[in-house]
Amino acid sequence: MRKNSIGIKVIFMILTVFFVLFLGLPVIRLLCRSFSGEDGGVTLSVYQSVFQQKKFGQALGNSFLIAALAAGLATIVAFILAYTCYYTNLPKRFKNIIRLAAMLPMFLPTITYGFAIIYSFGHQGLITKTLGHTLPFELYGIFGLLVGYSVYTIPVAFLLVSNTMQYIDKKVMIVSKVMGDKAHATFWIAIVRPLLGTLCGAFIQAFFLSFTDFGIPASVGGRFEVVASVLYDQMLGGIPNFGKGAAVAMIMLLPSIVSICLLQYLERFNIRYKKISDAELSQNVVRDVVWSILSVIALVLMLCIFVVIFVAPFVTDWPNKISFSMEHFVSVFTDSDLLSIYGNTLAMAVLSAAAGTLAAYGAALVTARSRMPKWCKGVVEGIAMVTNTIPGMVLGVAYMFVFSGTSLQNTMGLLIICNVIHYFSSPYLMMKNSLSKLNESWETTAGLMGDSWIKTIIRIVTPNVKESLWSVFGYYFTNSCVTVSAIIFLVGSRTMVLTTKIKQLQYLNKFNEVFVLSLLIFFTNLIAKALFAGLAKYKPMRVTQKLFQKKETLC
């Protein structure tokens, strides 16, 4: 059993050193830089100068306002979609379409959302021309941000709400009706009340994502300043100010820390059932029709802004010369530089997914499949919590301060490390939940039969969590393809990826190329998702598992 202990200790030590070097030190360096004066001493003058700027105060207030509005809208839409999937008698195929449609925005980078909104709702936009009149709202500013942030956060909110809703005991609804409760009372007692903690959690998560996103305000923010755009201007603007940039980055951390504390507090409102009854829903045509209509309206409004992405690249010159043309695709796919950038994107996504999956799996083994001391497991849990609180932009700025001038500057390795840490929390929780459900005696039995710990993990444990491993791999791959907030500060000329190239093309007003590259990202993610889902379901001959089961029987 000593080998088992050494194996898990090595994994814990490697993970601890990795996160200390690439998470702890950069954040500490960023904190120190924000309190550093021109003479090198400790001072609060940087923070004072930031808060004295009227522009920053307005940007901070704008960020809170628009993030709250978008989070509220996203949570409502997510509830409607989830309710339609779990509390109506609609055909299974229709429900699967809802689930897929709700996830589609995740396959596109957020910086594309803004361009899609412009080309959809602008004066010459596709939807504007279809409807025959312009919208009564200013496209740039609060309306564009509200639409972009809402669409961006609906998939995440839907995942959270639907994941909890499937575990609600439907028998409570039947009991409530038998007790004579009115429809609205039953709706509250049997559905909303058990979801209260999750709904608040979805709101907080959507708020956090909106507050820290850079891609959407970069395209449709206009003069409506938000904190993310202020940070970008301070670090990469015409006259960079790294001191103020560090202070703004640390200020961006405060809402995320508060968000995590609120999520921990809201855990007490989650209702846990000792047994979940699989009760059949009553037949109610009116309910099914009403909720299906609401879901269709929500999905149509959410997805209609992306239609232009599939139209504009095939037009000679939108909206001046509307005729079919493939010249934009030809120009992109014959451009060696763009193809090289696409290669960089694929390499970054695959390597980030591989490294991230190993990190999440190793961390989950420490907490779910070992007898390590509680403080060791607490360290891993703490790392997961911290990575969930740090916005991508803050992590990117911290890396700028630490790795500028080193051999890691502007390298693919640094981009991969950044992605692994940025998206670590959710994959870790996915792996931990899967490993916790497995038989706890497998490692002990294997040890008694003479197998080493690492052999047991490879031959027995890993095949039984294969689906989760591929899900984690796909999660890292997709997010690495669409990320822009963190790596915008870290890419160089040789490590340019599609999302940062889209940012460059924005300044040149080459929106047709932007849409072609966005479609490239979209279909890459769509194909990858189908591939990973197929690999997750593929079941080779499990000879080793059968042998292990025989050993277990003999014991």
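M252 sits in helix α12, which spans residues 242-266, and in this predicted model M252 is buried, with a relative accessible area of 0%. Its C-alpha atom is 7.5 Å from that of V394, although the two residues are 142 apart in sequence. The rest of the chain follows below, topic by topic.

**Around M252**

- Setting aside residues up to four places away in sequence, M252 touches F211, T212, V227, L231, P391 and V394.
- V394 thus turns up twice for M252: as one of the residues it touches, and as the partner in that 7.5 Å C-alpha pair.
- M252 counts as buried because its relative accessible area of 0% is under the 20% cut-off.

**The chain as a whole**

- The chain holds 25 helices and two strands.
- Of its 555 residues, 53% are buried.
- About 26,200 Å² of the chain is exposed, and carbon and sulfur atoms supply 65% of that area.
- Take the contacts between residues at least 6 apart in sequence: 81% of them join residues at least 24 apart.

**Salt bridges**

- How many salt bridges does the count come to? The count is three.
- One of them pairs K55 with E225, with 3.7 Å between the closest N and O atoms.
- K55 belongs to helix α3 (residues 54-86), while E225 is in the loop between α10 (215-220) and α11 (227-236), so this pair links distant parts of the chain, 170 residues apart.
- K55 itself is partly exposed, at 44% relative accessibility.
- R287 and D288 also meet through their side chains in a salt bridge, at 3.0 Å from N to O.
- Are R287 and D288 buried or exposed? Both are buried.
- K432 and E381 form a salt bridge too, and their closest N and O atoms are 2.4 Å apart.
- K432 lies in helix α19 (residues 425-436) and E381 in helix α16 (residues 374-389), so this salt bridge ties together parts that are 51 residues apart in sequence.
- K432 is partly exposed, with a relative accessible area of 23%, and E381 is partly exposed as well, at 27% relative accessibility.

**Helix α19 against helix α22**

- α19, the helix that carries K432, also packs with helix α22 (residues 466-482), at an angle of about 175° and with the axes 10 Å apart.
- Which way do α19 and α22 run, roughly parallel or roughly antiparallel? They are roughly antiparallel to each other, because an angle of about 175° is over the 145 degrees needed for that label.
- On the α19 side, the residues that meet α22 are S426, P427, M430, M431 and S434.
- On the α22 side, the residues are S468, L469, S471, V472, Y475 and Y476.
- Sorted by type, the residues of this contact come to seven nonpolar, four polar and no charged.

**The loop between α17 and α18**

- N410 lies in the loop between α17 (392-403) and α18 (412-422), and Q409 lies in that loop too.
- What is notable about the backbone at N410? Its phi is near 60°, a positive value in a residue other than glycine.
- N410 is partly exposed, at 35% relative accessibility.
- Q409 is also partly exposed, at 35% relative accessibility.
- Leaving aside neighbours within four places in sequence, Q409 is in contact with F403 and S404.
- Which residue, 81 residues away along the chain, has its C-alpha atom 7.3 Å from that of Q409? That residue is L490.

**T499 in helix α23**

- T499 is part of helix α23, which covers residues 498-507.
- T499 is buried because its relative accessible area of 1% is under the 20% cut-off.
- Where do the contacts of T499 fall, once neighbours within four places in sequence are left aside? They include P109 and I111, along with C481, V482, T483, V484, I487 and I521.
- Two of those contacts, C481 and V482, fall within the 466-482 range of helix α22, the partner of α19 described above.

Technical notes: Residues numbered from 1 in each chain as written. Predicted model: local features only at pLDDT ≥ 70, side-chain atom pairs only at ≥ 80, totals over all residues. Heavy atoms only, no water. Salt bridge = Lys/Arg side-chain N within 4 Å of Asp/Glu carboxyl O. Helix = DSSP H or I, 4+ residues; strand = E, 2+ residues; numbered from the N terminus. Buried < 20%, exposed > 50% of the residue type's maximum accessible area, 1.4 Å probe, protein only. Axes fitted to C-alpha atoms, helices over the stretch in contact; angles between N-to-C directions. Parallel < 35°, antiparallel > 145°, perpendicular 65-115°, else oblique. Contact = heavy atoms within 4.5 Å. Nonpolar A, V, L, I, M, F, W, Y, C, P; charged D, E, K, R; others polar. Areas by Shrake-Rupley, 256 points an atom, 1.4 Å probe, with all protein chains shown as cover.
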